[in-house]
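Below are some notes on the model you sent, set out as numbered points. They deal with the two ligand sites and then with the charged pairs.

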Amino acid sequence: MIVQQNVSLKPYNTFGLDENAGFLAIVNSIEDLDEIYQTGRFRSQKKMILGGGSNVLFTRGFTGIVAKNEIHGIQIQNETEEDVLVSVGAGENWHQFVLWCVEHGYGGVENLSLIPGTVGAAPMQNIGAYGTELKEVFHSLEAYEIKTGKTVSFFKEDCKFGYRYSVFKGEIRDEYVITKVFFKLSKKPVFNISYGAIKDTLNKMGVDELTLKNVSQAVINIRQSKLPDPMDIGNAGSFFKNPIVERLHFEALEAEFDDIKSYPIDQEKVKIPAGWLIEKAGWKGYRDGDIGVHEKQALVLVNHGMGRGKEIFKLAKEIQKSIQNKFGIDLEREVNVI
Ligand code: FAD
Ligand code: EPU
């Protein structure tokens, strides 16, 4: 296992934050995890597992060992005429896996095209976009139990998936390393193009036959037009979750702000886009030194170059305070603050 000492994490997080790790280990196997977690070598060190670093905010250096997940491999486990069960190493790149599915004609993840990061982190917050969530194609996963070194299987019901949530982000946080994820994909895809601008984009592309490739490309086009590419401007996608409020609360806001956007959840609850709230509170395009709020998408906090994680964290708190004052809503962070 390759272990480097005193390494800048700048290339390893999409905010591009220049904080140091005491050690950086490249993990390729369960044996590598054993070396980190079970042998004496790193016993006294704090430990964290990192995928693509696209949902973390480093507010300081990490004095212990950062284990970068590079467990690879994609294998077909089982198939019928209808579907296929595929196992994917947690260190595989999510978007490359989506492209592999599209190429092989396996449907279910095409609406999740171009989400950065690794396959192993995807169940952590049940990634979602354009009307699809990971849980819809999730079969099970294998995880390394840090306390014992054993591999444990988790099925869908064990993960308690919710909106940007699973047990790995909640009650058993930091207890497991996800090593392999199993997906059930369809050989007879049912397309879901009702969300947002997908239909319009397909029309603009001149598409008259729906294929996995076309839908994936439409999602890629929309995302590229809205979200900043971390290679150009540091960011971690949506910084906050879209809040879900009581219908009565929503109706009171609607009476005051007639352009408010919303998605009904059920009879009692309504989801409000945090981007709209943050824009309405005047933050869109805000910049202080090298940190700020993206000019096209107010839910995305950005690092223009030399910004620090602690400055972004401070800005996030100011935004939360202003949204509470203006709308009486608590914004919950989506990004993992280290
Ligand atoms: P990391 O940032 O490396 O880690 C995230 C958390 O998971 C950390 O707490 C880490 O310790 C933990 N973790 C990582 N790997 C493992 C593992 N193997 N086992 C256990 N814990 C682990 N998200 C969406 O849901 N939808 C979107 O549309 C979306 N769009 C985005 C757009 C942009 C431009 C960016 C930068 C981010 C976006 N995200 C989106 C957020 C992000 O891509 C996802 O959360 C992604 O799944 C994070 O993967 P990662 O490998 O980078 O995780
Ligand atoms: N909006 C504004 N101002 C803004 C941004 C958005 O008014 O600055 C309004 C838009 O006009 C639109 C609504 O808010 O009516 C929703 O905006 P958008 O379609 O861009 O999606 P979002 O709700 O901001 C969510 C996810 C994204 C996901 C997209 C597409 C969350 C927290 N974010 O964003 O996920 O890609 O929908 O499905 O649920 C992520 O999790 O990191 C992420 C990028």
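1. The model is predicted, and the points below should be read with that in mind. The local features described here rest on residues with pLDDT of at least 70, and side-chain atom pairs were counted only at pLDDT 80 or more.

2. Ligand 1 has 35 residues around it, and those that come nearest are Ile49, Gly51, Gly52, Ser54 and Thr118. By class, the shell around ligand 1 consists of 17 nonpolar, 15 polar and three charged residues.

3. Backbone atoms make several polar approaches to ligand 1. A polar backbone atom of Gly53 is 2.9 Å from an oxygen atom of ligand 1, and a backbone N or O atom of Asn55 lies 2.8 Å from an oxygen atom of that ligand. On the nitrogen side, a polar backbone atom of Gly128 is 2.7 Å from a nitrogen atom of ligand 1. On its own, ligand 1 has 980 Å² of accessible area, of which the protein covers 94%. Strand S3 (47-50), strand S8 (128-129) and strand S12 (176-186) are the elements that give two or more residues to this shell.

4. Ligand 2 is surrounded by 23 residues, with Tyr130, Tyr163, Glu279, Ala298 and Glu334 coming nearest. Its shell divides into 10 nonpolar, five polar and eight charged residues.

5. Three polar approaches to ligand 2 can be listed, each to an oxygen atom of the ligand. A polar backbone atom of Tyr130 is 2.8 Å away from such an atom, and a backbone N or O atom of Ser238 also lies 2.8 Å from an oxygen atom. From a side chain, an N or O atom of Lys284 is 3.1 Å from an oxygen atom of ligand 2. Taken alone, ligand 2 exposes 830 Å², and the protein buries 84% of that.

6. Where does the shell around ligand 2 come from, in terms of domains? Domain 2 (74-226) and domain 3 (234-337) each provide at least three of its residues. Among helices, H5 (212-226) and H7 (274-280) each supply at least two residues. Helix H7 gives the most, with three residues.

7. Lys284 and Glu279 deserve a joint comment. Their side chains meet in a salt bridge, at 3.0 Å from N to O. Lys284 also has the side-chain approach to ligand 2 noted above, while Glu279 is one of the residues that come nearest to ligand 2. Lys284 has a relative accessible area of 30% and is therefore partly exposed; Glu279, at 41%, counts as partly exposed too.

8. The structure holds 15 salt bridges. One of them joins the side chains of Arg308 and Glu19, at 3.0 Å from N to O. This pair links distant parts of the chain, 289 residues apart: Arg308 is in the loop between strand S19 (301-303) and helix H8 (309-327), and Glu19 is in the loop between strand S1 (2-8) and strand S2 (20-27). Is Glu19 buried or exposed? Glu19 has a relative accessible area of 7%, so Glu19 is buried, whereas Arg308, at 37% relative accessibility, counts as partly exposed.

9. Another salt bridge is formed by the side chains of Lys160 and Glu171, at 2.9 Å from N to O. Both residues sit in the loop between helix H3 (156-159) and S12, 11 residues apart. Lys160 is partly exposed at 45% relative accessibility, as is Glu171 at 48%.

Technical notes
Residues numbered from 1 in each chain as written. Chains lettered and ligands numbered in written order. Heavy atoms only, no water. Near = heavy atom within 4 Å. Polar contact = N/O pair within 3.5 Å; in protein donor to acceptor, adjacent residues only side chain to side chain. Areas by Shrake-Rupley, 256 points an atom, 1.4 Å probe, with all protein chains shown as cover. Helix = DSSP H or I, 4+ residues; strand = E, 2+ residues; numbered from the N terminus. Nonpolar A, V, L, I, M, F, W, Y, C, P; charged D, E, K, R; others polar. Salt bridge = Lys/Arg side-chain N within 4 Å of Asp/Glu carboxyl O. Buried < 20%, exposed > 50% of the residue type's maximum accessible area, 1.4 Å probe, protein only. Domains from an automatic or database assignment.
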